[in-house]
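Biologist: I'm new to this structure, so could you pick a single part, look at it closely, and then show me what lies around it and elsewhere?

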There are 2 protein chains.
Amino acid sequence: MQRLSINDADFDLKFRRIVEDRRESDGDVAGQVSSILRDVRSRGDAALVDMTQRFDQHSLSGDDDWSVSAEQCKAAFDDLEASLRDALQLAADRIRTYHEAQLPEDRDYTDEVGVRLGARWQAVDAAGLYVPGGRAAYPSSLLMNAIPAKVAGVERLAVATPTPKGTVNPLVLAAAHLAGVDEIWRVGGAQAVGALAYGTDRIKRVDVITGPGNAYVAEAKRQLFGVVGIDMVAGPSEILVIADGQNNPDWIAADLLSQAEHDPNAQSILITDDEGFSRQVADRIDVQAAMLSTSAVAQQSWQDHGVIVVVDTLEQSIALANELAAEHVELAVENPTPLFDGIRHAGSIFIGRYAPEAIGDYVAGPNHVLPTGRRARFSSGLSVLDFMKRSSFIELDETALNAIGPAAMALAEAEGLPAHAKSIESRLK
Amino acid sequence: MQRLSINDADFDLKFRRIVEDRRESDGDVAGQVSSILRDVRSRGDAALVDMTQRFDQHSLSGDDDWSVSAEQCKAAFDDLEASLRDALQLAADRIRTYHEAQLPEDRDYTDEVGVRLGARWQAVDAAGLYVPGGRAAYPSSLLMNAIPAKVAGVERLAVATPTPKGTVNPLVLAAAHLAGVDEIWRVGGAQAVGALAYGTDRIKRVDVITGPGNAYVAEAKRQLFGVVGIDMVAGPSEILVIADGQNNPDWIAADLLSQAEHDPNAQSILITDDEGFSRQVADRIDVQAAMLSTSAVAQQSWQDHGVIVVVDTLEQSIALANELAAEHVELAVENPTPLFDGIRHAGSIFIGRYAPEAIGDYVAGPNHVLPTGRRARFSSGLSVLDFMKRSSFIELDETALNAIGPAAMALAEAEGLPAHAKSIESRLK
C-alpha cells in the first residue's frame, strides 16, 4: 500500500504514476491470441476440440459436452436454495427494470423545408456473452450482460463459458435460465471469442460479444472489434473511496477489500481529509483481510496496488477523482452533493454512507460492467445500447430536394465529386 | 460488374461471396502501423517530424508548420465564394439541428424501496478528429465529425490533417472555422492518430478519436481502441439501390456512380425487379462514367465491385438488403414503406425517388459517417453519443440498504466474495 499526502513535495509525480499504472502485464498475449484466432477461423470446431482439451481438460465429444441444455439450466434454478433463488430473482427484476428505461426512442419528423428525417433503433440479431469459469464465474455477471441484451430485443443470445475438467457452475446455469439465455457453449478463452465472432459448424456467429474475461479474452475481443461489436476493453477493476473522518473505519475497510478480493491486480484507493481516520482504516484492512477466505488475493492487491491519499480538503479530491476516472467511486461524506457535481469521469458513483459498492454489483439495478483503467474518461457501463444500432433515414419529395439540393451540389463540386452533383442535378427542375 | 439473377442456380453462393467480400487488402498494414505507433509513443514530436517529412514531404519546423491558426481558418471562410459559404453554412446549420436532438437525457429517480438511481451523461474532455488530405479531403467530413463533438459539449477539439508538400485545403479550414475547431495539427497517417492518443510535447492527448482515413489510419484507430475511444472501424464505402422499373435510369446510374467515384474499392449494388431497366441503368453508367472527372476511380470501382441483382419481386430485396447490411440504402420504389419496415441492417436509408444518397452526404442533417462493410449489423452512424459517456449512480439510506442488502449478501457469499458481503453486513441493523 502506498501512502501519499497532497502536501508531499513529489505528490504530483507519485500521483501521476498511479494514474498511469496499467496494472496489466503485457506478455505476448497479443501474439498468442492472434494465432488462436487464426486457428479457430481456419479449423473451426476441430480447433475448439483441441484447445478445450489442452486448456480446460474437457473433451468436446457428444452434444452434452459441447453445450448445456435449457432443461439443465431450469433444473439448476429449481434446485437452488430458496433464499438464493429469491436473491437472484430480486437482482434480475431490479436489473431488468433499470435497463428497460434505457430503451432509446426512435425519431421521425418532417422539418420546415419538407425533409422527413429520423432514426430508428433496432436490436442486433445475435449476441454472444462470455462468462468466465474458475475464479470469476459469477452469476451476477451473467445477469448483468444477458438482461440488457434481452431487454434490447436480441433474438439469439449465446453464452460461451469454459467448464474446466467438465465442471459446470450451477449458479451460472440458474442465472442463464432466469435471464432467458438461448444457447450455452462449453468453451472458453480467446478460442470461444473467436468461435462466436467467426462462427463454426456448431456455433453460429454473432454480431456483438460482451462479457468479462481474463487478459486473453479481453485481447481477443479487442482484436475482433470491427468483425463484431464489442462492449469495451476491460482491465483490472478499481474503486476510489472518498471518505471524511466521520465514517466507521470498519465499513470503509470492507469496501476497499471488496474490490481487492476480486483480483491481485485490482486497485483500492482511499482519499480522505482525516489522516487519523486513514490510519484506522488501514489497521482495519489488515485485521479484516486476514479473516477472509479470499485473503491471499485481497492482501496482495492491497499490498501491491492499494493507495491512501490524505488531502487538506475534500474539494481537492474532485480533481484527483477526475484524473483517476475510476470504475467505482464511493462518496462516503456528510455532504456528497458538491463532490457528485464535480466528478466528471467515473463508471458508477455510490452516494452516501449507506451505498457500499457491493450493492451495485448485485441488486441496485444499474450495470456492474463498467469501464476500468481510466476508460471512464471516454466510455460507459454496459447498457441496452450495446446490443442495438441505429439507422438514420431521409425522405425528400421534389419540393424538398429543390430547397436543399443546390447547396449540396455546390459542396459536391467543391469537393471534386461530380457524380454526387449529377445525382442531385438530374432530379432538379 | 457482376450481374446476378435470384433464379440463377448458384445465386446463393455468388451472393454469399459478395456479402463476404471485404474489399480491403490486408498487406502488412497492421505491422507497419504498430511500429509507427511505437515510434510516436517513444519519440513523440521527433517521430512526427521524421514521418511527416517522409510521407508528406512537409517540414515541421516553425509553429506555422505544425499548426493552422484560428485566424487562418477564419480568413479561409471569409475568402470563400458567397454561394459556397452559404452552402457550407446551410450544411452546418442542418447538421447541428439534427444532432442537437440526439443529446441524451439524464435520469434521476428514487424507486419504491427508497433507492435513488440514475445516469448522468457528460462530454469527454477532448476529442481528436482525423481529416484526410489528398483525395478524400472533404470539408463535409469535418462538419460531420466536429459538429456532433461540439454539440456534445467537448471543450477541446483537435483536428489532425496532413498537408502534403505544405498544401492546406482552404475548404477544410473554412469548415473548421464554422464548426468551432480548437486546434489544427498538420500531421497525418497513423502517426497523427498515435500522437492524438498518446500525446506529445506539442499535441496534448485526447480521449476520443473519430474521422475517416486510409487503411493506415483505420488500423491505427483499431489498435488504439481502449487507449482512447474511437468511433468505428471504417472500410470502403458502399451503396445499395433498390429500384423498381419506373425510375429514370439516368438518376439511378448517377446514384450508383456517386458511390463508385469515392474509391476504387467502393461498391455500388443495384437490386431491381425489372431486368430491362437494369440494362438501361448499366448503359447509362457507362455513358455517364466516361464523362466524369472522376472517371478512372468510378469506372474501376464499378468494374471490380459493381453488382446488379435482378429479383422477381421487390419483397425479395429485403432479405438481401439485410444480408448486405449496407452503409447506404436507397429505396427508389413506388411504395417504399414495406421495404423500409423490413430493413433491419443499414447505416442510413434514403426513401423515395427524390432522395439521392448525395443529399445525405452534405445537407440533409443526419451524419454521413456510417458503418461500412456489413458493420451496420452491429454499429451506428456517428452521433453526439460518440463524444459522451454515462456515469450511473446509486444512493441508499439505511432503510433502503436494509431492504435490498440481504439479497446482495446472499449472492456475494454464493460467489465466494466475503468482503463484498461484509461491506453490506456491517452497515445493516
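Modeller: I'll start with the listed binding site and one residue in it, then move on to the two chains, some charged pairs, and a helix and a hairpin.

A word on the ground rules. This is a predicted model, where local features need pLDDT of at least 70, side-chain atom pairs count only at pLDDT 80 or more, and totals for chains, interfaces and linings use all residues. Residues are numbered from 1 along each chain as its sequence is written, chains are lettered from A and ligands numbered from 1 in the order in which they are written, and side-chain values use heavy atoms, with hydrogens and water left out.

Now the site. An unreviewed UniProt entry lists S237(A), Q259(A), H262(A), H328(A), D361(A), E415(A) and H420(A) under "binding site". These positions span 184 residues in sequence and their farthest two C-alpha atoms are 55.8 Å apart, so they do not all gather at one spot. The UniProt positions follow the numbering used here, feature names are shortened, and annotations may be inferred rather than shown by experiment.

Let's zoom in on D361(A). It sits in helix α16 (residues 357-362) of chain A. Helices here are DSSP runs of H or I with at least four residues, strands are runs of E with at least two, and both are numbered from the N terminus. D361(A) counts as buried because its relative accessibility is 7%; buried means under 20% relative accessible area, exposed over 50%, and partly exposed in between, using a 1.4 Å probe and protein chains only. Leaving out residues up to four places away in sequence, D361(A) touches S140(A), M144(A), H262(A), H328(A), H368(A) and H420(B), where a contact means heavy atoms within 4.5 Å. Of these neighbours, H262(A) is found in the loop between α11 (249-260) and β11 (267-272) of chain A.

That list includes a residue of chain B, so how do the chains relate? Chain B can be laid on chain A with an RMSD of 0.0 Å by a turn of 180° and a shift of 0.0 Å along the axis. That is the relation of a two-fold axis. The same surface serves both copies, as 100% of the contact residues of chain B recur in chain A. The superposition is by least squares on the C-alpha atoms of residues with pLDDT of at least 70 in both copies.

H345(B) is another place to see the chains meet. It lies in the loop between α15 (337-342) and β14 (348-351) of chain B, and with a relative accessible area of 2% it is buried. Its side chain makes a polar contact with the side chain of K389(A), at 2.9 Å. A polar contact is a pair of N or O atoms within 3.5 Å; within protein, one must be able to donate a hydrogen and the other to accept it, and residues adjacent in sequence count only if both atoms are side-chain atoms. Not counting residues up to four places away in sequence, H345(B) also touches others, including D125(A), A321(B) and R377(B).

On to charged pairs. Side chains of opposite charge can pair when their charged atoms come close. Over all chains there are 46 salt bridges, each being a side-chain nitrogen of Lys or Arg within 4 Å of a carboxyl oxygen of Asp or Glu. One of them joins D63(A) and R202(A), with the closest N and O atoms 3.0 Å apart. This pair links distant parts of the chain, 139 residues apart: D63(A) is in helix α4 (residues 63-66) of chain A, and R202(A) is in the loop between α9 (189-198) and β8 (208-210) of chain A. D63(A) is exposed at 52% relative accessibility, while R202(A) is partly exposed at 33%. A network of salt bridges links R16(A), E20(A), E323(A) and R205(B).

Finally, two pieces of the fold. Helix α9 (residues 189-198) of chain B is mostly covered, with 9 of its 10 residues buried. Those buried residues pack against α2 (29-43), α3 (45-56), β5 (126-130), β6 (156-160), β8 (208-210) and α10 (215-224) of chain B. Just after the helix, G199(B) takes a positive phi of about 80°.

In chain A, strands β3 (residues 107-110) and β4 (residues 116-123) pair in the antiparallel sense over 4 bridges; pairing requires DSSP to find at least two bridges between the strands. D108(A) has G118(A) in β4(A) as its bridge partner. The two strands form a hairpin with 5 residues between them, and G114(A) in the turn has a positive phi of about 95°.
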